[in-house]
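Hi there,

Here is the structure I promised to pass on to you. Have a look at it first, and then read on for what turned up in it.

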Amino acid sequence: MGKLWQGLSSGNVNKTADDFNSSVSFDKRLYKQDITGSIAHAKMLAHCGIISEDDAAVLTDGLISILNDIVSGALEIDETAEDIHTFIEETLTARVGIVGKKLHTARSRNDQVALDLRLYLKEETKTVIDKIKALVTAVTFKAEEYKDAVCPGYTHLQRAQPITFGHHLMAYAFMLLRDIERFKDCAKRINVSPIGCCALAGTTYNTDREFEAKELGLSGITQNSIDGVSDRDFVAEFISCAALLQTHLSRFAEELVLWSSWEFKFVELSDAFTTGSSIMPQKKNSDMAELVRGKTGRVIGDLTGILTVLKGLPLAYNKDMQEDKELVFDAADTVKKCLDVFAPMVAEMKANRQNMKNAAAKGFINATDLADYLTKKGEPFRSSYKICGEIVGYCIKNEKTLETLTLDEYKKFSSLFDNDVYKDIDIMNCVNKRISAGGTAISSVEKQIEYVRNEL
């Protein structure tokens with residue numbers, strides 16, 4: 001297959017250099033977007049009188065036949081082609097004759113590839129959002145199931161205050177909701193057309209870029225032709241959104257790994273999302289969660305990669321920008337695979353209410369409520385804090401808990417203590433007293449679930 005750029009240059013490139021230069025091995029996945037863009041371009045050329053309606057019809061029919069044949073497998077993409085654009089144009093010309101050579105009028109591969117990538121990411125963004133929604137749905141159903149299951153809340157991985165498992169899960173629901181918002185916002189900047197910017201300076205033909213953008217379902221056009229071909233902000237932004245989403249999944253995965261260990265035993269993951277050991281028959285490994293955690297490094301690496309590629313590039317197009325595709329393809333593929341496994345893994349997860357409750361009963365996680373009790377009786381909070389710290393120290397020394405201390409023992413530390421202290425430090429009461437907006441009370445968790453479902 002020849003080179004589109006043969007003319008001044010002979011096109012006789014060293015075989016090793018030619019392979020090094022070629023991108024068809026990875027950009028071939030853009031064949032649908034390339035053909036879609038070319039059909040819209042042919043329509044625009046006819047609309048503006050640059051080519052005839054008959055020529056546009058021939059080009060459109062030829063492009064549709066190529067698309068159908070690639071999809072059916074009747075046509076294989078030539079791996080020796082320089083890129084997918086070259087392959088499609090050369091195949092089109094072979095099928096429809098000299099009319100095929102009219103398609104590239106008033107465009108360049110520079111704006112063509114930018115368009116293909118935008119069309120690809122427009123689709124990928126919608127797909128990723130739908131998959132995040134599926135995970136959020138699974139999380140909210142699980143949170144509703146365990147909205148009254150008491151467990152320890154942690155800071156510094158130390159037991160801190162009593163919460164419900166449902167409340168903890170909803171923290172991830174809100175993280176993921178923000179991810180949806182970020183991808184939606186990113187989509188606004190993806191959804192503009194660079195076609196017609198040509199190589200960098202626009203074209204002498206009287207084209208209608210707005211018409212072509214509308215044909216492609218895009219909201220508008222890039223306003224500067226140099227920026228139109230050199231901009232890859234939308235790629236970096238998509239990968240940035242993906243990296244943050246993946247980071248959230250990784251944090252969630254880390255907790256699933258911890259919670260499913262013998263040391264915690266707060267949850268049990270379904271056999272469908274765990275594996276065993278080749279030599280240790282007692283093992284049930286949370287491999288899917290661990291892989292999600294591990295694959296986060298790939299997506300963060302993709303983000304670092306695209307930013308590094310772009311950081312020193314002069315305007316306008318440079319061949320370095322060919323590196324954008326493998327990075328963004330990898331980021332999109334990785335987050336989709338992780339979301340596909342994560343949603344059912346959460347949906348099939350079971351929590352051990354008793355183990356969580358037992359853990360909540362230890363570690364003096366109702367000590368803050370004990371301090372609040374004294375404060376409400378008139379003791380300044382800082383003094384209450386000191387008294388309760390001394391009480392905890394006493395309990396540790398005497399192997400007691402706040403619940404098992406006698407009233408006489410309490411009164412040694414403050415005369416403000418009375419029988420009602422036991423009600424105030426009851427773990428379930430500690431949870432349900434936290435009625436502030438966003439708190440862990442069951443009623444609050446129910447409102448959070450309702451809010452997220454309405455947002456979805």
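Below is a short tour of the nonpolar cores, one helix, a hairpin and a few unusual backbone spots.

Before you start, please keep in mind that this is a predicted model.

Let's begin with the inside. The largest nonpolar core has 72 residues, and Phe165 and Phe342 are the ones that touch the most other members. Several elements give two or more residues to this core, namely α6, α7, α10 (233–259), α11, α12, α13 (353–360) and α19. The biggest share comes from α10, with 15 residues. A second core lies apart from this one; it has 24 residues, including Ile35, Ile66, Ala81 and Ile84. As background, nonpolar side chains tend to be buried together in soluble globular proteins.

Phe165 is a good residue to click on. Setting aside neighbours within four places in sequence, Phe165 is in contact with Tyr146, Ala149, Cys151, Trp259, Val267, Met349, Ala351 and Met356.

Next, have a look at helix α19, which covers residues 442–455. This helix has 14 residues and spans 20 Å from its first C-alpha to its last, close to the 20 Å expected at 1.5 Å a residue. Which of its residues are buried? They are Ile442, Ser444, Val445, Gln448, Ile449 and Val452. These residues lie on the same side of α19, because the arc they cover around the axis is only 160°. The face turned away from that buried side carries the exposed residues Lys447 and Asn454. As for what the buried residues pack against, you will find α6 (109–145), β2 (158–164), α7 (165–190) and α18 (427–432) there.

Strand β2 brings us to the hairpin. It is formed by β1 and β2, with two residues between them. β1 takes in residues 150–155, and six bridges join it to β2, the two running antiparallel. One pair to look for is Pro152 with its bridge partner in β2, Pro162. In the turn, His156 has a positive phi of about 55°.

That leads to the backbone. Most residues other than glycine have a negative phi, and most peptide bonds are trans. Here are some places to check against that:

- Cys198 has a phi near 60°, a positive value in a residue other than glycine. You will find Cys198 in the loop between β3 (192–193) and α8 (209–215), and it is buried, with a relative accessible area of 7%.
- Glu399 is not a glycine either, yet its phi is positive, at about 55°. Its loop runs between α15 (381–397) and α16 (407–411). Is Glu399 buried or exposed? Glu399 is exposed, with a relative accessible area of 75%.
- The peptide bond from Leu315 to Ala316 is cis, with omega near 10°. Ala316 sits in the loop between α11 (287–310) and α12 (324–347).

One more loop residue to visit is Asn191, placed between α7 and β3. Asn191 counts as buried, because its relative accessible area is 16% and the cut-off for buried is under 20%. Beyond its neighbours within four places in sequence, Asn191 is in contact with Lys122, Gly217, Leu218, Ser219 and Gly220.

Enjoy exploring it, and do write back with any questions.

Best wishes

Definitions and conventions: Residues are numbered from 1 along each chain as its sequence is written. This is a predicted model: local features need pLDDT of at least 70, side-chain atom pairs count only at pLDDT 80 or more; totals for chains, interfaces and linings use all residues. Side-chain values use heavy atoms; hydrogens and water are left out. Helices (H or I, at least four residues) and strands (E, at least two) are DSSP runs, numbered from the N terminus. The expected span of a helix is 1.5 Å times one less than its number of residues. Buried means under 20% relative accessible area, exposed over 50%, partly exposed in between (1.4 Å probe, protein chains only). The arc is that of the directions from the helix axis to the C-beta atoms. Contact means heavy atoms within 4.5 Å. Two strands pair if DSSP finds at least two bridges between them. A nonpolar core is a set of buried Ala, Val, Leu, Ile, Met, Phe, Trp, Tyr and Cys residues joined through side-chain atoms within 4.5 Å.
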